[in-house]
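Student: Could you take me through one part of this model up close? I'd like to see how the charged side chains pair up, and what sits around them.

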Amino acid sequence: MQTDKSEQMRWVAADTRGKHRISAELKRLEQETRFLEEELDQLEKMEAASAACKEILSNVETRPDPLLPITNGPTNPSWDRWFEGPQDKSGCRCWIL
C-alpha cells in the first residue's frame, strides 16, 4: 500500500513538471507567433524590393566611386604592354596554343 502512495506522489510531481514544460513551450510558441505576425506586417508595408533595388542601382551607377581615381586613358603607357599580346608573335612561344 505504501508503494502505491509513493508512486502516486511521484506521478503527481512529474505531472506538474510536465504541465509547466507544456505551458512554457506554449508561451514560447505564442511569442514566436507574435514576432512573425509583426514581421509580416512590416513586410506588407514595405515597397517592392525590385523598386528599391532599381533606385539603389541608379544612384550607384550615376556617381563615381570616391576611392577610385578618375583617369582618361592609362596613366603610364608602358603598363599597357603587359595586357597586350606580344608584338612579334613568331618570337614568343607562350602564345601558341
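Tutor: Let's go through the salt bridges, then look at their surroundings. Keep in mind that this is a predicted model, so every value here is computed from predicted coordinates.

A quick orientation helps. The chain has 97 residues, and 1% of them count as buried. Its secondary structure comes to 2 helices and 0 strands. The exposed surface is about 10,000 Å², with carbon and sulfur atoms supplying 59% of that area.

Now for the close look. The structure holds 2 salt bridges. Why might such contacts form? Side chains of opposite charge can pair when their charged atoms come close.

Start with E25 and R28, whose side chains meet in a salt bridge at 2.8 Å, N to O. These two sit 3 residues apart in helix α1, so about one helical turn separates them. As for cover, E25 has a relative accessible area of 35%, which makes E25 partly exposed. R28 is also partly exposed, at 40%.

Next, follow R28 along the helix to E32. The side chains of R28 and E32 form a salt bridge too, at 3.1 Å, N to O. Here the spacing is 4 residues, again about one turn, with R28 and E32 both in helix α1. E32 comes out as partly exposed, with a relative accessible area of 38%. Put the pairs together and you get one network: E25, R28 and E32 are joined by salt bridges that share partners.

Stay on the chain a little longer, and you'll reach another set of acidic residues. E37, E38, D41 and E44 form a negative surface patch. Residues in a patch like this have no salt bridge, whereas E25 and E32 each meet R28 in one. Take E44 as an example: E44 belongs to helix α1, which covers residues 2-45. Is E44 buried or exposed? E44 has 65% relative accessibility, and the cut-off for exposed is over 50%, so E44 counts as exposed.

There's a greasy counterpart to look at as well. L40, L43 and M46 make a nonpolar surface patch of about 320 Å². One of them, L40, is found in helix α1.

Finally, have a look at the other helix. Helix α2 runs through residues 49-62, 14 residues in total. From first C-alpha to last, helix α2 reaches 20 Å, close to the 20 Å expected at 1.5 Å a residue. The number of buried residues among those 14 is 0, so α2 lies largely in the open.

Notes:
Residues are numbered from 1 along each chain as its sequence is written. This is a predicted model: local features need pLDDT of at least 70, side-chain atom pairs count only at pLDDT 80 or more; totals for chains, interfaces and linings use all residues. Side-chain values use heavy atoms; hydrogens and water are left out. Buried means under 20% relative accessible area, exposed over 50%, partly exposed in between (1.4 Å probe, protein chains only). Accessible areas come from the Shrake-Rupley method with a 1.4 Å probe; for residues, only the protein chains shown count as cover. Patches are made of residues with over 30% relative accessible area and no salt bridge: like charges are joined within 9 Å, nonpolar side chains (Val, Leu, Ile, Met, Phe, Trp, Tyr) within 5 Å. A salt bridge is a side-chain nitrogen of Lys or Arg within 4 Å of a carboxyl oxygen of Asp or Glu. Lys and Arg count as positive and Asp and Glu as negative; His and the chain ends are not counted. The place of a charge is taken as NZ of Lys, CZ of Arg, CG of Asp or CD of Glu. The expected span of a helix is 1.5 Å times one less than its number of residues.
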